[in-house]
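This briefing introduces a protein model to a reader who is new to structural description. Please keep the sequence and the structure in view while reading the points that follow.

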Amino acid sequence: NMEEEISNEDPDVRKCLSTSSQVSTEMVHRLERFSDFESAIRGVAALQRFLSRSKPSVELKVKARNTIIRWAQREAFPEHTTLQQDGRIRKSSPIRKLDPFVDKEGLLRVGGRIRASDVYYDEAHPLILPRNAHVSDLIVKLCHEKSMHQGKGITMQELRAQGYHLIGASTAVAKYINACVECRKQRRPLEGQKMSDLPIERLTPSPPFTYVGADCFGPFLVRDNRKELKRYGV
């Protein structure tokens, strides 16, 4: 069996893994050109469709989304490679408490003891997203818009419902909401206008009726027998 003869310690295998990591890093930086996650998925899906000469499909969009998440995880988490190779993780890893594992799609997910439950798989084992990553910001933006620009709590709930576990989610979501133009318009306090200076006529004492104004209004059409007449008010 060839799989048993090839070891991860082989120099050629190590070189291949290093090259794969470099490609992921380069593609993650290219994703910074996109301003929303759906556009990034469409861009990657179009690239994969061109390379595989396949037709557009829902499965292709799911594959593109998984590819983007995998690129971001490989760049941010060195644990991704070691977990994929031998299932081990270093004790000093910041995500060790999440009991992470790599699924069959090569995606890093939160582990736990509820694998046998009836909970939706993505909610039971959400995808781990790195903090301070452009891809994570795009996903936060997507979930915030799906929740109709609600507050931090509802946006974080939507993030979990979509199957994502963002490291430092509370800070990231609050930062995005504070910078959201639509939220700033809806939630900012009403402006208080400063009144202008009083005119000199209201500040200088003078006898009554020194300053008099008259307002005219009309005309009104009135009937005098069979005639229509115009009348004005003063």
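Just after helix H3, Arg53 adopts a positive phi of about 55°. The model is a predicted one, and helix H3 covers residues 37-52. The points below begin with this helix and then turn to the salt bridges and to the protein as a whole.

**Helix H3: ends and length**

- At the N-terminal end of H3, Asp36 acts as a cap, with a side-chain oxygen 3.3 Å from the backbone nitrogen of Glu38.
- The helix contains 16 residues, and the distance from its first C-alpha to its last is 22 Å.
- That span is close to the 22 Å expected at 1.5 Å a residue.

**Helix H3: the buried residues**

- Phe37, Ser39, Ala40, Ile41, Val44, Ala45 and Gln48 are the buried residues of H3.
- These buried residues pack against three elements: helix H4 (58-76), helix H7 (134-146) and strand E4 (164-166).

**Helix H3: the accessible residues**

- Ala46 also belongs to H3.
- Ala46 counts as partly exposed because its relative accessibility of 32% falls between the limits of 20% for buried and 50% for exposed.
- The C-alpha atoms of Ala46 and Ala64 are 8.8 Å apart in space, while the two residues are separated by 18 residues in sequence.
- Phe50 lies in H3 as well, and its relative accessible area is 64%, so it is classed as exposed, a term used for values over 50%.
- Together with Leu47 and Leu51, Phe50 makes a nonpolar surface patch of about 360 Å².

**Salt bridges**

- The protein has six salt bridges under the criterion applied here.
- One of them joins Arg30 to Glu26, whose closest N and O atoms are 3.0 Å apart.
- Both Arg30 and Glu26 lie in helix H2 (residues 11-30), where a separation of four residues corresponds to about one turn of the helix.
- Arg30 is partly exposed at 42% relative accessibility, and Glu26 is partly exposed at 41%.
- Another salt bridge links Arg90 with Glu79, with 3.1 Å between the closest N and O atoms.
- This pair connects distant parts of the chain, 11 residues apart: Arg90 is in the loop between helix H5 (79-86) and strand E1 (101-102), and Glu79 is in helix H5.
- Arg90 is partly exposed, with a relative accessible area of 41%.
- Glu79, by contrast, has a relative accessible area of 2% and is therefore buried, a term that applies under 20%.
- The side chains of Arg109 and Asp103 also form a salt bridge, at 2.8 Å from N to O.
- Arg109 and Asp103 are both buried.
- Asp103, Arg109 and Asp122 are joined into one network by salt bridges that share partners.

**The protein as a whole**

- The protein has 10 helices and six strands.
- Of its 234 residues, 31% are buried.
- Its accessible surface comes to about 17300 Å², and carbon and sulfur atoms account for 53% of that surface.
- Among contacts between residues at least 6 apart in sequence, 46% join residues at least 24 apart.

Conventions:
Residues are numbered from 1 along each chain as its sequence is written. This is a predicted model: local features need pLDDT of at least 70, side-chain atom pairs count only at pLDDT 80 or more; totals for chains, interfaces and linings use all residues. Side-chain values use heavy atoms; hydrogens and water are left out. Patches are made of residues with over 30% relative accessible area and no salt bridge: like charges are joined within 9 Å, nonpolar side chains (Val, Leu, Ile, Met, Phe, Trp, Tyr) within 5 Å. Accessible areas come from the Shrake-Rupley method with a 1.4 Å probe; for residues, only the protein chains shown count as cover. A salt bridge is a side-chain nitrogen of Lys or Arg within 4 Å of a carboxyl oxygen of Asp or Glu. Helices (H or I, at least four residues) and strands (E, at least two) are DSSP runs, numbered from the N terminus. Buried means under 20% relative accessible area, exposed over 50%, partly exposed in between (1.4 Å probe, protein chains only). Contact means heavy atoms within 4.5 Å. The expected span of a helix is 1.5 Å times one less than its number of residues. A polar contact is a pair of N or O atoms within 3.5 Å; within protein, one must be able to donate a hydrogen and the other to accept it, and residues adjacent in sequence count only if both atoms are side-chain atoms.
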